[in-house]
Amino acid sequence: MSQYNPQQIEKKWQNIWKEQKAFEPEESFEKEKMYVLSMFPYPSGRIHMGHVRNYTIGDAIARHYRKAGYNVLHPIGWDAFGMPAENAAIKHKVHPKKWTYENIDYMRKELDSLGLSFSQDREFATCDPLYSKWEQKFIIDMWNKGLLYRKKASVNWCPHDKTVLANEQVIEGRCWRCDTEVVQREIEQYFLKITDYAEELLQDLDKLEGKWPSQVLAMQRNWIGKSEGLEFVMKLDSPSAQKAGAEGFEVFTTRPDTIYGVTYAALAPEHPIVKHLIETKALDEEKIERIKRMQNQNAKERQQAEKEGLFLELYALHPLTGQKIPVWVANFVLMEYGSGAVMAVPAHDERDFEFAKKYGLPIKYVIKPKTGELDTSKAYTEPGILFDSGKFSGMRSEEAKRAIIDYFEKEGLGRRAVNYRLKDWLVSRQRYWGTPIPLVKCQSCGIVPETDLPVTLPEDIEITGEGNPLELHPTWKKTRCPKCGGEAERETDTLDTFVESSWYFLRYTTPRKYWEEVPFRKEDSDYWMPVDQYIGGIEHAILHLLYSRFFTKVLRDMGYVSIDEPFERLLTQGMVLKDGAKMSKSKGNTVDPDAIVQKYGADTARLFILFAAPPQKELEWSDSAVEGAYRFIKRFYERSFNAKPLKELPKFGDLSKEEKEARKKVYEALKKSQEVYAKSFAFNTLIAAAMEALNALNAQNNEEVWSEGYWVLSNILEPIIPHVSHEIADRLFGRANFAPILVDEGALEEESVTLAVTINGKRRCEIEVPKEASKEEVLEVAKEAAKKWIEGKEIVKEIVVPGRLVNLVVKG
């Protein structure tokens, strides 16, 4: 079959790989391991080009290391719980379970058609009851350890549908389904105490320097948001304290050097003092209504809204001067950060300045630049020299920060404190399609962990979008207390789907036959973990990676694993664009991967994806480049018939210039391949080198040089275009070449060099001379080549720069 037929070749090799179970890792721990993992997909129904890129990159890496003799774990699974399945249930009247598993079956076939070398034995979906069983076991362990706890928290509530809404279901303050105005409602929620690990999560980022993209490390550091400063109680004056039902409120500041510039304080709309004022009707109805409107905005909406506030008719006392300071409520103050209260210094904070200008509040400058004039038309936010700051005047900002904190501690006014922007992880969801939280509520015993795991979801439910189907189910929540045997109710909340993706990489380490007995075996995780190469989109740079790091540390402390960090190296691939924009159905600029595979073959889709741009960069779709990829593979396949079968590499005697050049290009491509996998994953440079090598092979006629070329090229291209590479290598070499190949350094040696010839500094021509040619021999060739420019003229100077140029200075 000398004509390239991708469909026939690809089907043949996919069947062979499946029959041979070619991609299952060895269960022995003797070999050096390589764990390559691409972030698992949500089973939405169809794969898109983003999936193709993610999994092709991971597959190329896995195939390379498998050929290099490593024990390779390259698994796939399905991040299968979540809201889209419930939305589909509402829209199409199909059960979420049926919708999810049918989508998995379809998408698995799509991924199989790309020739991806995934382990079949270790595939699972996170909605499988066996996966839920072990996740629920971890959750119970965390509850018993005090890492999981319950407290009241605000949710988006639709009064019409009587249901909790995710932030993405709130559109301009209204329910996405019925357009009712959404309100904030406090309900009991479950939280994981990730803040207990904040410092370790921050410090261990240092271990990932040079292995993770610096941008991702910076995003994680910012999210954790460690800040050091002063914490103190701002006391209320007597009438205000009586009215507020509190002596004062706690504040935290990273700028104690600005404390003499405080001119007002601001509380979050949910602050206990604000709630007390509303409950006791200490404010007029109009103010209460305005505050409730603020409370009904979630944090994201508030950050985008114009700064708004109102005076609470309370006064606090400045901790150092005793001066009365007005207390306001402001929408920009969030309970999620610090204590939900800020000391406002408008002269030295842009947000406080903007608010003070809007409401005509005083602005008092207490820091000036070290040099130059103080511009009082805006907030001065840089460090400087203190003035109007009592005994601290004249100090530099950094010195004053320390001195003021020391003074507060000495006088018992406050203390040095560390704060984190990171807040505990809210893990409960009031939805059906998720892992049930394995706790029961007993009137006698309180909240008690389940003992019979897994707790599975009832299937006889109807999802209408109104209320929580588990709460509304007539029998499912009724159970017996595992402790006293009395009547009890199951928890009807389910877990945030980020919980499932926070340990899935550990599940893969253990073969399927052990899944009933353990979540994963310790000896397996000790061998395979950490993941050597993790691949996924930059959009997961914060939450998924942070939660996975947290879960790993918790499981380490509970004795399940031995590692501190789950992912050794991280590659974040760029988006796939078309017409300059991210592919999306709404824009009508998507490309169906199935159509590309059917028309050109999987190898063409893979080659285009890896050749069009380095993995970390955005990739612009190009129909003509896809055609070009197909033409190259066709040429690569059809010219393989110029080679003869080999069992080992041939030895060469005298070769022509073209034959030597072909061998040189082949081994340059091999060297480039080694560099790409060791350093950059810039597959485009490897493919370009292979294309040059094929062109050089085509410029000569030595059958043995062709064979050596295909021995090397089918090896280095196998991770990228595996089907055609296996077809060629099997026919010519019985795939004996699919092993590490040493670079023939002799083939890379240059026998001649090209030099530029310049006359009076002006470039005129080039010459090629033997590498070892003497100066006299070089000048002789140069003069002959430049004869027409020097004829009849006197050469007054001859300059030879070895390896670069010959310059002849002439006159006449």
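This section describes the domain layout, a helix pair, the strand pairing and selected backbone features of a predicted model.

The chain is divided into five parts by the domain assignment. Domain 1 comprises residues 6-126 together with 501-573, and domain 2 comprises 138-193 together with 425-497. Domain 3 covers residues 226-420, domain 4 covers 598-747, and domain 5 covers 750-811. The C-alpha centres of domain 4 and domain 5 are separated by 37 Å.

The packing of two helices, α22 (residues 683-698) and α23 (residues 703-717), was examined within the bounds of domain 4. In general terms, a pair of packed helices is described by the angle between the two axes and the distance between them. For α22 and α23, the axes come within 11 Å and cross at roughly 165°. Because angles over 145 degrees count as roughly antiparallel, α22 is roughly antiparallel to α23. The crossing of α22 past α23 is left-handed. On the α22 side, the contact is made by L686, A690, A693, L694, L697 and N698. The α23 side contributes V705, W706, G709, Y710, L713, I716 and L717. By residue class, the contact of α22 with α23 consists of 11 nonpolar and two polar residues, with no charged residue.

Strand pairing was next considered in the second segment of domain 2, residues 425-497. Strand β22 (residues 487-490) pairs with strand β19 (residues 439-442) in the antiparallel sense, over three bridges. Within this pairing, K441 has E489 of β22 as its bridge partner. Strand β22 also pairs with strand β21 (residues 478-480), again antiparallel and over three bridges. Here the bridge partner of T479 is A488 in β22. Strands β21 and β22 form a hairpin with six residues between the strands, and G485 of this hairpin adopts a positive phi near 80°.

A further sheet was examined in domain 5, which spans residues 750-811. This open sheet is formed by four strands in the order β30-β29-β32-β31, with mixed pairing. Strands β30 (762-770) and β31 (794-801) are the edge strands, each of which pairs on one side only. From one strand to the next, the twist averages 20°. Strand β29 (residues 752-759) and β30 run antiparallel and are joined by eight bridges. In this arrangement T754 stands opposite E768 of β30.

Several backbone features were located in loops. The peptide bond from L453 to P454 is cis, with omega near 5°, and P454 belongs to the loop between β20 (446-449) and α14 (469-472). A cis peptide bond is also present from M529 to P530, with omega near 0°. P530 is placed in the loop between α16 (522-528) and β24 (531-537).

Positive phi values were also found in residues other than glycine. D388 has a positive phi of about 50° and is located in the loop between β15 (385-386) and α13 (397-410). For R735, phi is positive and near 60°. The loop that holds R735 connects α24 (722-733) and α25 (745-748).

Terms used: Residues numbered from 1 in each chain as written. Predicted model: local features only at pLDDT ≥ 70, side-chain atom pairs only at ≥ 80, totals over all residues. Heavy atoms only, no water. Domains from an automatic or database assignment. Axes fitted to C-alpha atoms, helices over the stretch in contact; angles between N-to-C directions. Parallel < 35°, antiparallel > 145°, perpendicular 65-115°, else oblique. Left-handed = near helix turned anticlockwise from the far one by under 90°. Contact = heavy atoms within 4.5 Å. Nonpolar A, V, L, I, M, F, W, Y, C, P; charged D, E, K, R; others polar. Pairing = 2+ DSSP bridges.
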